Amino acid sequence: MAMFQPARGTHDLIGEDCRRHQAVIDAARRISALYGFEEWATPIFEDTKVFARSLGDTSDVVMKEMYSFEDRGGESVTLRPEGTAGVCRALVSNGLVQGGLPRKVFYAGPMFRYERPQKGRYRQFHQIGLEILGAPEPLADAEAIACGWHIQKELGIDAGTTLEVNTLGDAPSRDAYRAALVAHFSAHKTALSEDSQLRLEKNPLRILDSKHLQDKPLVAAAPTIFDHLTAEARAFFEAVLRHLDAFGVPHTVNPGIVRGLDYYSHTAFEFVTQRLGTQGTVMAGGRYNGLVEEMGGPPTPSVGWAAGVERLGLLLEANGRTPGPPRPVAVIPVGDAAEGPALDLLQALRRAGIAAEIAYRGNLKRRMERANRIGARAAVILGEEEMAAGRAQIRDLDAGTQESVAIDEVAARLA
Ligand code: ATP
Ligand code: MG
(Lines give C-alpha, C1' and ligand atoms only; values in the text may rest on other atoms or scores of the structure.)
(Ligands and ions follow the chains in the order given, each with its own letter.)
Protein backbone atom coordinates (compact mmCIF):
# COMPACT_ATOMS: atom_id res chain seq x y z
CA MET A 1 0.00 0.00 0.00
CA ALA A 2 1.17 3.50 -0.78
CA MET A 3 1.91 5.66 2.23
CA PHE A 4 0.63 9.15 1.63
CA GLN A 5 2.13 12.44 2.72
CA PRO A 6 0.23 15.71 3.03
CA ALA A 7 0.14 17.57 -0.29
CA ARG A 8 3.07 19.94 -0.94
CA GLY A 9 2.75 23.15 1.07
CA THR A 10 0.10 21.76 3.44
CA HIS A 11 0.63 20.45 6.95
CA ASP A 12 -1.15 18.55 9.67
CA LEU A 13 -1.74 20.33 12.95
CA ILE A 14 -0.97 17.90 15.74
CA GLY A 15 0.24 18.31 19.32
CA GLU A 16 2.25 21.50 19.96
CA ASP A 17 1.50 22.84 16.48
CA CYS A 18 -2.21 22.51 17.05
CA ARG A 19 -2.03 24.00 20.53
CA ARG A 20 -0.17 27.07 19.25
CA HIS A 21 -2.69 27.38 16.43
CA GLN A 22 -5.62 27.23 18.85
CA ALA A 23 -3.96 29.65 21.27
CA VAL A 24 -3.64 32.25 18.50
CA ILE A 25 -7.24 31.89 17.37
CA ASP A 26 -8.61 31.81 20.93
CA ALA A 27 -6.74 34.98 21.88
CA ALA A 28 -7.86 36.76 18.70
CA ARG A 29 -11.48 35.72 19.20
CA ARG A 30 -11.50 36.81 22.83
CA ILE A 31 -9.71 40.13 22.41
CA SER A 32 -11.55 41.15 19.22
CA ALA A 33 -14.85 40.57 21.08
CA LEU A 34 -13.68 43.08 23.71
CA TYR A 35 -13.38 45.62 20.88
CA GLY A 36 -16.88 44.89 19.61
CA PHE A 37 -16.01 42.63 16.66
CA GLU A 38 -18.55 39.97 15.70
CA GLU A 39 -17.32 36.73 14.10
CA TRP A 40 -18.34 35.85 10.55
CA ALA A 41 -17.57 32.67 8.64
CA THR A 42 -17.72 33.02 4.86
CA PRO A 43 -17.25 30.16 2.34
CA ILE A 44 -13.82 28.76 1.62
CA PHE A 45 -14.41 28.98 -2.12
CA GLU A 46 -16.06 31.75 -4.08
CA ASP A 47 -16.74 32.70 -7.67
CA THR A 48 -13.29 33.48 -9.13
CA LYS A 49 -14.46 37.00 -10.02
CA VAL A 50 -14.81 37.87 -6.31
CA PHE A 51 -11.02 37.66 -5.97
CA ALA A 52 -9.84 38.51 -9.47
CA ARG A 53 -11.69 41.84 -9.41
CA SER A 54 -10.93 42.87 -5.88
CA LEU A 55 -7.26 41.93 -5.55
CA GLY A 56 -6.27 43.50 -8.86
CA ASP A 57 -4.82 41.63 -11.80
CA THR A 58 -1.22 42.74 -11.20
CA SER A 59 -1.04 41.47 -7.62
CA ASP A 60 1.20 38.45 -6.95
CA VAL A 61 -1.83 36.62 -5.66
CA VAL A 62 -3.87 36.99 -8.84
CA MET A 63 -0.93 36.73 -11.25
CA LYS A 64 0.40 33.44 -9.92
CA GLU A 65 -0.96 32.22 -6.61
CA MET A 66 -4.70 31.52 -6.95
CA TYR A 67 -6.10 28.02 -6.66
CA SER A 68 -8.74 28.36 -9.38
CA PHE A 69 -10.53 25.55 -11.12
CA GLU A 70 -13.65 24.79 -13.06
CA ASP A 71 -16.18 22.85 -11.04
CA ARG A 72 -18.34 20.10 -12.53
CA GLY A 73 -20.90 22.65 -13.62
CA GLY A 74 -18.30 24.60 -15.59
CA GLU A 75 -18.15 27.53 -13.14
CA SER A 76 -14.74 29.00 -12.33
CA VAL A 77 -14.31 28.92 -8.57
CA THR A 78 -11.28 29.83 -6.42
CA LEU A 79 -10.16 28.65 -2.99
CA ARG A 80 -10.00 31.90 -1.06
CA PRO A 81 -6.48 33.38 -0.96
CA GLU A 82 -7.51 35.96 1.68
CA GLY A 83 -10.53 36.92 3.75
CA THR A 84 -11.40 40.54 2.98
CA ALA A 85 -12.98 40.05 -0.45
CA GLY A 86 -15.35 37.37 0.89
CA VAL A 87 -16.38 39.51 3.87
CA CYS A 88 -17.14 42.47 1.57
CA ARG A 89 -19.04 40.17 -0.81
CA ALA A 90 -21.01 38.85 2.19
CA LEU A 91 -21.86 42.36 3.38
CA VAL A 92 -23.44 43.05 0.00
CA SER A 93 -25.00 39.60 -0.58
CA ASN A 94 -26.72 39.72 2.80
CA GLY A 95 -28.11 43.21 2.32
CA LEU A 96 -26.12 44.63 5.23
CA VAL A 97 -24.90 47.72 3.42
CA GLN A 98 -27.68 50.05 4.55
CA GLY A 99 -28.24 50.19 8.31
CA GLY A 100 -25.98 49.14 11.11
CA LEU A 101 -22.73 50.56 9.80
CA PRO A 102 -20.00 50.49 10.81
CA ARG A 103 -19.88 46.72 11.16
CA LYS A 104 -16.91 45.21 12.93
CA VAL A 105 -16.15 41.69 11.71
CA PHE A 106 -13.66 39.09 12.93
CA TYR A 107 -12.83 35.91 10.98
CA ALA A 108 -10.46 32.98 11.24
CA GLY A 109 -9.85 30.14 8.83
CA PRO A 110 -7.77 28.50 6.11
CA MET A 111 -6.50 30.38 3.04
CA PHE A 112 -4.91 28.95 -0.11
CA ARG A 113 -2.11 30.30 -2.29
CA TYR A 114 0.05 28.49 -4.79
CA GLU A 115 3.43 29.53 -3.36
CA ARG A 116 6.88 28.02 -3.09
CA PRO A 117 6.66 26.37 0.34
CA GLN A 118 9.21 27.34 2.99
CA LYS A 119 9.21 28.08 6.70
CA GLY A 120 6.30 30.43 7.39
CA ARG A 121 5.00 30.15 3.80
CA TYR A 122 2.55 27.43 2.83
CA ARG A 123 -0.07 26.62 0.21
CA GLN A 124 -2.75 26.08 2.80
CA PHE A 125 -2.23 28.44 5.72
CA HIS A 126 -4.56 30.13 8.18
CA GLN A 127 -5.41 33.71 8.93
CA ILE A 128 -7.16 35.64 11.62
CA GLY A 129 -8.47 39.00 10.49
CA LEU A 130 -10.60 42.03 11.27
CA GLU A 131 -12.64 44.37 9.11
CA ILE A 132 -14.35 47.60 10.13
CA LEU A 133 -16.84 48.16 7.31
CA GLY A 134 -18.38 51.55 6.66
CA ALA A 135 -16.13 53.79 8.76
CA PRO A 136 -14.38 56.68 6.99
CA GLU A 137 -12.85 57.98 10.24
CA PRO A 138 -9.13 57.64 11.01
CA LEU A 139 -10.07 56.48 14.51
CA ALA A 140 -11.26 53.21 12.93
CA ASP A 141 -7.80 52.60 11.41
CA ALA A 142 -6.18 53.17 14.79
CA GLU A 143 -8.66 50.98 16.67
CA ALA A 144 -8.22 48.06 14.24
CA ILE A 145 -4.44 48.32 14.69
CA ALA A 146 -4.76 48.68 18.48
CA CYS A 147 -6.83 45.49 18.61
CA GLY A 148 -4.21 43.60 16.59
CA TRP A 149 -1.51 44.84 18.92
CA HIS A 150 -3.59 43.85 21.95
CA ILE A 151 -3.90 40.31 20.54
CA GLN A 152 -0.11 40.13 20.21
CA LYS A 153 0.27 41.37 23.79
CA GLU A 154 -2.19 38.77 24.99
CA LEU A 155 -0.06 36.12 23.25
CA GLY A 156 3.10 37.54 24.85
CA ILE A 157 4.82 38.15 21.50
CA ASP A 158 4.52 41.93 21.16
CA ALA A 159 8.12 42.53 22.25
CA GLY A 160 9.37 40.78 19.10
CA THR A 161 7.32 42.78 16.58
CA THR A 162 7.28 46.39 15.43
CA LEU A 163 4.48 48.29 13.76
CA GLU A 164 5.38 50.08 10.54
CA VAL A 165 2.78 52.47 9.15
CA ASN A 166 2.49 54.32 5.89
CA THR A 167 -0.11 56.16 3.87
CA LEU A 168 -0.97 55.51 0.24
CA GLY A 169 -2.89 58.78 0.17
CA ASP A 170 -6.17 59.49 -1.57
CA ALA A 171 -6.78 59.25 -5.33
CA PRO A 172 -5.24 62.64 -6.28
CA SER A 173 -2.18 61.96 -4.08
CA ARG A 174 -1.73 58.60 -5.70
CA ASP A 175 -2.14 59.94 -9.24
CA ALA A 176 0.62 62.47 -8.61
CA TYR A 177 2.78 59.83 -6.96
CA ARG A 178 2.18 57.34 -9.76
CA ALA A 179 3.44 59.89 -12.29
CA ALA A 180 6.58 60.44 -10.20
CA LEU A 181 7.16 56.69 -9.95
CA VAL A 182 6.69 56.15 -13.67
CA ALA A 183 9.26 58.87 -14.35
CA HIS A 184 11.71 57.26 -11.89
CA PHE A 185 11.34 53.66 -13.03
CA SER A 186 11.05 54.40 -16.77
CA ALA A 187 14.51 55.96 -16.67
CA HIS A 188 15.86 52.54 -15.61
CA LYS A 189 13.28 50.27 -17.20
CA THR A 190 15.65 47.56 -18.44
CA ALA A 191 17.15 47.13 -14.96
CA LEU A 192 13.75 46.04 -13.64
CA SER A 193 12.55 42.45 -13.40
CA GLU A 194 10.11 41.26 -16.04
CA ASP A 195 7.21 41.32 -13.55
CA SER A 196 8.01 44.90 -12.63
CA GLN A 197 8.31 46.02 -16.25
CA LEU A 198 4.76 44.77 -16.69
CA ARG A 199 3.69 46.57 -13.52
CA LEU A 200 5.28 49.79 -14.76
CA GLU A 201 2.54 49.92 -17.37
CA LYS A 202 -0.33 48.54 -15.34
CA ASN A 203 0.34 49.50 -11.72
CA PRO A 204 3.70 51.13 -10.96
CA LEU A 205 3.00 51.35 -7.22
CA ARG A 206 3.10 47.61 -7.09
CA ILE A 207 6.80 47.67 -8.03
CA LEU A 208 7.51 48.97 -4.52
CA ASP A 209 6.19 45.65 -3.19
CA SER A 210 8.36 43.56 -5.54
CA LYS A 211 10.10 40.53 -4.06
CA HIS A 212 12.71 40.39 -6.87
CA LEU A 213 16.21 41.16 -5.55
CA GLN A 214 16.95 42.77 -8.90
CA ASP A 215 14.38 45.49 -8.20
CA LYS A 216 15.59 46.40 -4.71
CA PRO A 217 18.13 49.16 -5.55
CA LEU A 218 15.68 50.99 -7.81
CA VAL A 219 12.92 50.61 -5.24
CA ALA A 220 15.17 51.96 -2.50
CA ALA A 221 15.95 55.02 -4.62
CA ALA A 222 12.30 55.66 -5.57
CA PRO A 223 10.54 58.88 -4.51
CA THR A 224 8.18 58.55 -1.51
CA ILE A 225 4.52 59.49 -1.41
CA PHE A 226 5.07 62.14 1.26
CA ASP A 227 6.03 64.71 -1.37
CA HIS A 228 2.76 64.11 -3.20
CA LEU A 229 0.10 63.97 -0.48
CA THR A 230 -2.89 66.28 -0.65
CA ALA A 231 -3.64 68.31 2.47
CA GLU A 232 -6.60 66.02 3.24
CA ALA A 233 -4.56 62.84 2.91
CA ARG A 234 -1.82 64.28 5.09
CA ALA A 235 -4.34 65.31 7.76
CA PHE A 236 -5.90 61.84 7.69
CA PHE A 237 -2.54 60.16 8.19
CA GLU A 238 -1.60 62.51 11.00
CA ALA A 239 -4.89 61.73 12.74
CA VAL A 240 -4.22 57.99 12.49
CA LEU A 241 -0.79 58.46 14.07
CA ARG A 242 -2.24 60.67 16.81
CA HIS A 243 -4.91 58.07 17.66
CA LEU A 244 -2.26 55.33 17.71
CA ASP A 245 -0.40 57.40 20.30
CA ALA A 246 -3.61 57.76 22.29
CA PHE A 247 -4.10 53.98 22.22
CA GLY A 248 -0.47 53.62 23.35
CA VAL A 249 0.59 51.59 20.29
CA PRO A 250 4.29 52.10 19.44
CA HIS A 251 4.89 52.65 15.72
CA THR A 252 7.34 53.89 13.13
CA VAL A 253 6.53 55.44 9.76
CA ASN A 254 7.94 53.44 6.83
CA PRO A 255 7.23 54.83 3.33
CA GLY A 256 8.17 51.41 1.86
CA ILE A 257 4.98 49.74 3.10
CA VAL A 258 2.62 49.50 0.12
CA ARG A 259 0.88 46.14 0.60
CA GLY A 260 0.52 43.50 -2.08
CA LEU A 261 -3.15 43.89 -2.94
CA ASP A 262 -4.72 46.53 -5.14
CA TYR A 263 -7.51 47.78 -2.99
CA TYR A 264 -5.74 49.91 -0.38
CA SER A 265 -5.83 53.68 0.06
CA HIS A 266 -4.69 55.92 2.92
CA THR A 267 -3.38 53.76 5.76
CA ALA A 268 -1.16 50.72 5.08
CA PHE A 269 0.67 48.94 7.87
CA GLU A 270 2.56 45.82 8.84
CA PHE A 271 3.69 44.30 12.09
CA VAL A 272 7.11 42.86 11.27
CA THR A 273 9.60 40.73 13.17
CA GLN A 274 13.27 39.88 12.75
CA ARG A 275 12.68 36.44 14.23
CA LEU A 276 11.22 34.64 11.21
CA GLY A 277 13.83 35.30 8.51
CA THR A 278 12.38 36.48 5.22
CA GLN A 279 8.81 35.64 6.29
CA GLY A 280 8.94 38.63 8.64
CA THR A 281 5.46 40.10 8.21
CA VAL A 282 3.05 38.65 10.76
CA MET A 283 0.07 41.02 10.58
CA ALA A 284 -0.74 43.36 7.73
CA GLY A 285 -3.55 45.52 6.49
CA GLY A 286 -4.86 48.95 5.76
CA ARG A 287 -7.71 51.06 4.51
CA TYR A 288 -9.65 50.13 1.41
CA ASN A 289 -12.26 52.45 0.09
CA GLY A 290 -13.49 50.85 -3.13
CA LEU A 291 -13.87 47.16 -2.38
CA VAL A 292 -17.52 46.97 -1.31
CA GLU A 293 -18.39 48.89 -4.49
CA GLU A 294 -16.49 46.29 -6.52
CA MET A 295 -18.87 43.73 -4.99
CA GLY A 296 -21.90 45.72 -6.15
CA GLY A 297 -22.54 47.71 -2.97
CA PRO A 298 -22.53 51.45 -2.26
CA PRO A 299 -19.32 53.33 -1.36
CA THR A 300 -18.30 51.84 1.99
CA PRO A 301 -14.95 53.04 3.30
CA SER A 302 -13.38 50.30 5.39
CA VAL A 303 -10.22 49.22 7.15
CA GLY A 304 -8.86 45.87 8.25
CA TRP A 305 -5.94 43.52 8.64
CA ALA A 306 -5.05 39.85 8.43
CA ALA A 307 -2.41 37.88 10.28
CA GLY A 308 -0.85 34.52 9.52
CA VAL A 309 -1.73 32.06 12.27
CA GLU A 310 1.32 29.89 11.48
CA ARG A 311 3.66 32.90 11.64
CA LEU A 312 2.18 34.00 14.97
CA GLY A 313 2.56 30.36 16.08
CA LEU A 314 6.26 30.41 15.11
CA LEU A 315 6.63 33.53 17.26
CA LEU A 316 4.96 31.78 20.18
CA GLU A 317 7.49 29.00 19.75
CA ALA A 318 10.45 31.40 19.45
CA ASN A 319 9.31 33.16 22.63
CA GLY A 320 8.83 29.94 24.60
CA ARG A 321 5.09 30.55 24.72
CA THR A 322 3.86 27.20 23.43
CA PRO A 323 0.93 26.16 25.63
CA GLY A 324 1.54 22.96 27.56
CA PRO A 325 -0.54 19.83 26.97
CA PRO A 326 -3.76 19.44 28.97
CA ARG A 327 -3.24 17.78 32.36
CA PRO A 328 -6.24 15.67 33.21
CA VAL A 329 -7.03 13.73 36.35
CA ALA A 330 -6.87 9.92 35.95
CA VAL A 331 -9.68 8.02 37.64
CA ILE A 332 -8.52 4.53 38.62
CA PRO A 333 -10.94 1.84 39.79
CA VAL A 334 -9.34 -1.09 41.59
CA GLY A 335 -11.45 -4.23 41.20
CA ASP A 336 -14.69 -4.82 39.31
CA ALA A 337 -16.95 -3.43 42.03
CA ALA A 338 -15.25 -0.03 41.71
CA GLU A 339 -16.03 0.37 37.97
CA GLY A 340 -19.52 1.82 38.38
CA PRO A 341 -18.65 4.36 41.09
CA ALA A 342 -15.53 5.28 39.09
CA LEU A 343 -17.66 6.21 36.07
CA ASP A 344 -19.98 8.25 38.34
CA LEU A 345 -16.99 10.13 39.71
CA LEU A 346 -15.48 10.57 36.21
CA GLN A 347 -18.62 12.28 34.97
CA ALA A 348 -19.01 14.34 38.16
CA LEU A 349 -15.49 15.71 37.62
CA ARG A 350 -16.18 16.53 33.98
CA ARG A 351 -19.45 18.28 34.92
CA ALA A 352 -17.46 20.31 37.43
CA GLY A 353 -15.18 21.46 34.59
CA ILE A 354 -12.24 19.24 35.55
CA ALA A 355 -10.62 17.30 32.69
CA ALA A 356 -10.73 13.63 33.66
CA GLU A 357 -9.76 10.37 31.96
CA ILE A 358 -10.25 6.70 32.61
CA ALA A 359 -8.23 3.88 31.07
CA TYR A 360 -10.48 1.35 29.31
CA ARG A 361 -8.80 -1.62 30.97
CA GLY A 362 -5.86 -2.75 33.12
CA ASN A 363 -4.87 -3.33 36.74
CA LEU A 364 -3.73 -0.61 39.14
CA LYS A 365 -0.12 -0.76 37.93
CA ARG A 366 -1.04 -0.50 34.25
CA ARG A 367 -3.48 2.32 34.87
CA MET A 368 -0.92 4.27 36.90
CA GLU A 369 1.56 3.86 34.04
CA ARG A 370 -0.97 5.23 31.62
CA ALA A 371 -1.80 8.13 33.97
CA ASN A 372 1.88 9.10 33.94
CA ARG A 373 2.14 8.67 30.19
CA ILE A 374 -0.75 11.05 29.44
CA GLY A 375 0.71 13.62 31.83
CA ALA A 376 -2.11 13.38 34.38
CA ARG A 377 -1.64 15.80 37.26
CA ALA A 378 -3.39 13.55 39.77
CA ALA A 379 -4.83 10.06 40.08
CA VAL A 380 -8.02 9.31 41.98
CA ILE A 381 -7.82 5.70 43.16
CA LEU A 382 -11.04 3.93 44.09
CA GLY A 383 -10.24 0.81 46.11
CA GLU A 384 -13.00 -1.49 47.36
CA GLU A 385 -12.43 -0.94 51.08
CA GLU A 386 -12.17 2.82 50.90
CA MET A 387 -15.19 3.03 48.67
CA ALA A 388 -17.21 1.18 51.27
CA ALA A 389 -16.25 4.02 53.62
CA GLY A 390 -17.28 6.60 50.98
CA ARG A 391 -13.69 7.72 50.41
CA ALA A 392 -11.02 7.68 47.67
CA GLN A 393 -7.26 8.28 47.47
CA ILE A 394 -6.02 11.33 45.59
CA ARG A 395 -2.40 11.00 44.51
CA ASP A 396 -0.63 14.18 43.40
CA LEU A 397 1.49 12.87 40.53
CA ASP A 398 3.90 15.83 40.62
CA ALA A 399 4.55 15.85 44.36
CA GLY A 400 4.08 12.09 44.85
CA THR A 401 1.91 12.72 47.93
CA GLN A 402 -1.33 10.88 48.59
CA GLU A 403 -4.35 11.60 50.80
CA SER A 404 -7.72 10.10 51.56
CA VAL A 405 -10.71 12.29 50.64
CA ALA A 406 -14.49 11.79 50.92
CA ILE A 407 -15.82 10.95 47.43
CA ASP A 408 -18.23 13.89 47.58
CA GLU A 409 -15.30 16.23 48.09
CA VAL A 410 -12.99 14.92 45.37
CA ALA A 411 -14.12 17.46 42.75
CA ALA A 412 -13.76 20.41 45.13
CA ARG A 413 -10.34 19.16 46.21
CA LEU A 414 -9.12 18.93 42.59
CA ALA A 415 -10.67 22.18 41.35
P1 ATP B 1 4.12 38.04 1.99
O2 ATP B 1 4.70 39.37 1.69
O3 ATP B 1 4.83 37.32 3.11
O4 ATP B 1 3.91 37.18 0.78
P5 ATP B 1 1.44 38.98 1.74
O6 ATP B 1 1.62 40.43 1.58
O7 ATP B 1 1.18 38.14 0.55
O8 ATP B 1 2.67 38.35 2.57
P9 ATP B 1 -1.12 39.26 3.02
O10 ATP B 1 -1.87 38.95 1.81
O11 ATP B 1 -1.09 40.65 3.51
O12 ATP B 1 0.38 38.70 2.87
O13 ATP B 1 -1.57 38.29 4.22
C14 ATP B 1 -1.50 38.69 5.58
C15 ATP B 1 -0.64 37.75 6.37
O16 ATP B 1 -0.95 36.40 6.09
C17 ATP B 1 0.85 37.84 6.10
O18 ATP B 1 1.41 38.92 6.77
C19 ATP B 1 1.34 36.53 6.61
O20 ATP B 1 1.47 36.56 8.03
C21 ATP B 1 0.22 35.60 6.24
N22 ATP B 1 0.52 34.89 4.99
C23 ATP B 1 0.36 35.32 3.72
N24 ATP B 1 0.69 34.38 2.83
C25 ATP B 1 1.07 33.29 3.56
C26 ATP B 1 1.50 31.96 3.23
N27 ATP B 1 1.60 31.56 1.95
N28 ATP B 1 1.78 31.10 4.24
C29 ATP B 1 1.66 31.49 5.53
N30 ATP B 1 1.25 32.71 5.91
C31 ATP B 1 0.95 33.61 4.94
MG1 MG C 1 2.43 36.95 -0.65
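Arg 395 stands opposite Gln 402 in strand 16 of this predicted model. The strands involved here are strand 15, residues 391-396, and strand 16. They run antiparallel, and 5 bridges join them.

Now widen the view to the sheet. It is open and has 5 strands. Their order is 13-12-14-15-16, and the pairing is mixed. Which strands stand at the edges? They are strand 13 (356-358) and strand 16 (402-406). Each has a single partner strand, so one side of each is left without a neighbour in the sheet. From one strand to the next, the twist averages 30 degrees.

Helices come next. Helix 12, residues 339-351, lies across strand 12 (329-333), strand 13 and strand 14 (378-382). Relative to strand 13, helix 12 runs at about 155 degrees. Helix 13, residues 364-373, also packs on the sheet. Helix 13 touches strand 12, strand 13, strand 14 and strand 15. Its direction makes about 175 degrees with that of strand 12.

Turn now to another part of the chain. Leu 205 lies in a loop. That loop sits between helix 7 (194-202) and helix 8 (216-220). Is Leu 205 buried or exposed? Its relative accessible area is 9%, under the 20% cut-off, so Leu 205 counts as buried.

What is Leu 205 in contact with, leaving aside its neighbours within four places in sequence? The partners are Leu 168, Arg 174, Tyr 177, Leu 181 and Val 258. Leu 79 gives a further reference point: it is 126 residues apart from Leu 205 along the chain. The C-alpha atoms of Leu 205 and Leu 79 are separated by 27 Å.

Methods
Residues numbered from 1 in each chain as written. Chains lettered and ligands numbered in written order. Predicted model: local features only at pLDDT ≥ 70, side-chain atom pairs only at ≥ 80, totals over all residues. Heavy atoms only, no water. Helix = DSSP H or I, 4+ residues; strand = E, 2+ residues; numbered from the N terminus. Buried < 20%, exposed > 50% of the residue type's maximum accessible area, 1.4 Å probe, protein only. Contact = heavy atoms within 4.5 Å. Pairing = 2+ DSSP bridges. Axes fitted to C-alpha atoms, helices over the stretch in contact; angles between N-to-C directions.
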